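Subject: Structure handover

Hi,

Here is the structure I promised to pass on to you. Please have it open while you read, as my notes follow below it.

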Amino acid sequence: MSEALVAVEAAGAGTSAPAAPGARQFWRRLRAQRAALVAAAVVALLVLVALAAPLLTALEGQDPTTYHPSLIDSARGGVPIGSFGGFSADHWLGVEPQTGRDMFARLVYGAQVSLGVALAATVVQVALGVAVGVASALGNRWVDQLLSRATDIIVAMPLMIMSLALLAIVPSSFPRPVLVTLVIGLIAWGNIAKIVRAQALSLKGLDYVSAARLSGWGAWRVARRELLPGLAAPVITYAALLVPTNISVEAALSFLGVGVKPPTPSWGQMLTDADVWYQAAPQYLLLPAGALFVTVLALTVLGDGVRTALDPRAASRLRVGTGRKDAGARDFGAKGSSAKGSGAEGSGPTTKEASA
Amino acid sequence: MSGFGGFLLRRAVGTVVTLLAISVIVYVVFYVTPGNVAQITCGPRCSPEQVHQVAQQLKLGDPLYLRYWHFLEGLFVGQDFSTGTSVAHCAAPCLGQSYQTDQPVLDIILTKLPVSLSLVLGAMVVWLVLGVGTGVLSAWRRGRISERVLTAVTLAGTATPVFVIGLVLMIVVCGELRLLPFPEYVNLTDDPEQWAWNLLLPWLSLALIEAAAFARLTRASMLETLAEDHIRTFRAYGVGERAIVARHALRGALAPVIALNANNVGSAVGGAVLTETLFGLPGIGQELVHAVKVVDLPVVVGMVLVVGFFVVLANAVADVLYAVADRRVVLA
């Protein structure tokens, strides 16, 4: 009987299609991974800090933009007065060299910018990617050709170079964080569109979608009611991995001096001339660098965890131990679940070839 | 074999179409913006006469398709630039002229290109060797302590932005330990040894993050190949583990690595911008950042076109290599 069940499941899952776990199963699988749990806690803390930035700085009694010339030793070229970059009860993490702006306030407001820009850019990328991918899969041959070509071209464009160039031509009066968000969001949606297209194409061939189409549903309704639920797993997986990438890109652009500009604080921008001051004010380098590292690492680990939790093949990986020789043995133990995964899996190079 | 020839032809046509599309997008984005295009192109410090001249040069009075055609013409047959009194001919491929430095954009790019190529190609060697090596090792040592350490290190590697790795490396190696002087670019043709020593840190900074991605991919790909039936058959025949890993599994696992390498050319170019800026290497990346800051539009546009050209070409070459490594692709 179980044999039959597996067969039905595998048939339903046919070409890598849904078989994604439900919400409850997803949480159970995510909780089963210790690293992902820790990462989720760190991310939650960071989001909390970012949201509570005004509260935290009020508690400290500082703000991120006020200059404190009295705390700067101008005779020594602008080094903060006091030990370790001017740590004190008033300035919990010291002050910036030259300007004397409060480091703690800049760091927590920087979290707002980093996370805000990265998340908003991810939303733009997902919205565009899903729209283009679904339209490509459901449209006629010409629509598909046109959109797939456009996607190929977008993917071929180097993100950093294009963002740099776009940032050059927009007038400086445009609010910078919004601009950076839009630039990242509008350039880097190609891969998600490819994944969505591949997944939507394989879903389209399944009986329940065909049934909906044959019963006269319009394309929009089919997309919303029948396709989108099946697309959730790959989209969430990819989006989770996009967030840390976006954080790095924003930090990089701001580091180069073309992203978020002062007085708005951003971690990347804080690092711009940190190398000049590392001996006199090590915290000026270590704090934003550490914040970036921890944030990107936590988001990456969490993204990996989400992927494992949503991967139909991962169930066996989570339960079976990691003995060296079990690579072969696992095939026997988890035949049903591993069969689901094969086929035109919607990720990376495979998709590239599938659409070529 | 005709299948392979057809595949090559399709790929070549696709590449040309992509390149043309990129030129259209770049043209539209940069020269059809709202606002005074001539003023933006000329730069903030231009006099009204200069702006007027630029407007004529860009043929702003013509309809859009003629202007784009003029732009393409410049790329393929060259065009003339009048600088008030004299007329200078800019030979194909003409990428225009910087109105801020009065230099042809192509000249600017060509003087900077060797630095960027030294950086990216050298780093590529480092990340391929380091990444594939680590990946193979960690797949082979599966389940042991060494694999866990490698996995943790590569994870930390993928999570560190290029400029943070570079900053830390520079401060520790050059500042604190004084093992190397702060990098300063030396021409390969002038002094190969100094060239390599000075590029060592930039190579490492750029390569470590990419190597981490390769290590993860190679490991996953190796594990997948090692679980396949034909490898089990080799084991059953008593082929040694070392030979299986080195000779049989690695070959099967390399195709996705090639594909990733092509996809990563774009991100490596982005990383090169950061590395060059951080270490003060006079390459294309540093020049681009400068051009963006002073809004030298012709230079920005020229660089986007050149970099886009290289990235698309790299992708096409990799596609062909991928097809050679795995002939099933041709049938798709």
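The loop between helix 7 and helix 8 (192–226) of chain B is where you will find B:R178. This residue has a phi near 55°, a positive value in a residue other than glycine. Please keep in mind throughout that this is a predicted model.

A second backbone detail sits in chain A. The peptide bond that runs from A:P262 to A:P263 is cis, and its omega is near 10°. A:P263 belongs to the loop between helix 11 (219–255) and helix 12 (267–270) of chain A.

Now to the way the two chains meet. On the chain B side 53 residues are in contact, and on the chain A side 48. Together the chains bury about 4500 Å², with carbon and sulfur atoms accounting for 73% of that area. What about charged pairs across this interface? One salt bridge is found there: B:R216 pairs with A:D304, and their closest N and O atoms are 2.8 Å apart. As for polar contacts, the count between chain B and chain A is two residue pairs, both residues at pLDDT 80 or more.

Several helices of chain B build its side of this interface. Those that give two or more residues are helix 1, helix 6 (145–159), helix 7 (162–176), helix 10 (241–279), helix 11 (284–293) and helix 12 (297–325). Helix 10 of chain B gives the most, with ten residues. Sorted by class, the chain B side has 34 nonpolar, ten polar and nine charged residues.

Chain B also has an internal boundary you may like to look at. The chain is divided into domain 1 (4–90) and domain 2 (109–326), and the centres of these two domains, taken over C-alpha atoms, are 33 Å apart. Their contact takes 18 residues from domain 1 of chain B and 16 from domain 2 of chain B. The area buried between the two domains is about 1400 Å², and 84% of it comes from carbon and sulfur atoms. Between these domains there are zero salt bridges, and the count of residue pairs in polar contact (both at pLDDT 80 or more) is also zero.

Which elements supply the domain 1 side of that boundary in chain B? Helix 1 (2–31), helix 2 (37–42) and helix 4 (64–77) of chain B each supply at least two residues, and helix 1 of chain B gives the most, with twelve. The residues on this side of domain 1 divide into twelve nonpolar, five polar and one charged.

Over all chains, the structure holds ten salt bridges. One of them is within chain A, where A:R106 pairs with A:E96 and the closest N and O atoms are 2.9 Å apart. A:R106 lies in helix 5 (residues 103–138) of chain A, while A:E96 is in the loop between strand 2 (79–80) and helix 5, so the pair ties together parts that are ten residues apart in sequence.

Last, a word on annotation. The unreviewed UniProt entry marks "transmembrane region" at residues 35–56, 113–138, 150–171, 177–196, 231–260 and 280–303 of chain A. In the model, residues 35–56 of chain A are 95% helix and 0% strand, with end C-alpha atoms 28 Å apart. Residues 177–196 of chain A are 90% helix and 0% strand, and their end C-alpha atoms lie 28 Å apart.

Best wishes

Terms used
Residues are numbered from 1 along each chain as its sequence is written. Chains are lettered from A and ligands numbered from 1 in the order in which they are written. This is a predicted model: local features need pLDDT of at least 70, side-chain atom pairs count only at pLDDT 80 or more; totals for chains, interfaces and linings use all residues. Side-chain values use heavy atoms; hydrogens and water are left out. Domain bounds come from an automatic or database domain assignment. Contact means heavy atoms within 4.5 Å. Buried area is the accessible area (1.4 Å probe) that two parts lose on being put together, summed over both. A salt bridge is a side-chain nitrogen of Lys or Arg within 4 Å of a carboxyl oxygen of Asp or Glu. A polar contact is a pair of N or O atoms within 3.5 Å; within protein, one must be able to donate a hydrogen and the other to accept it, and residues adjacent in sequence count only if both atoms are side-chain atoms. Helices (H or I, at least four residues) and strands (E, at least two) are DSSP runs, numbered from the N terminus. Ala, Val, Leu, Ile, Met, Phe, Trp, Tyr, Cys and Pro count as nonpolar, Asp, Glu, Lys and Arg as charged, and the others, Gly among them, as polar. UniProt positions are given in the numbering used here, feature names are shortened, and annotations may be inferred rather than shown by experiment.
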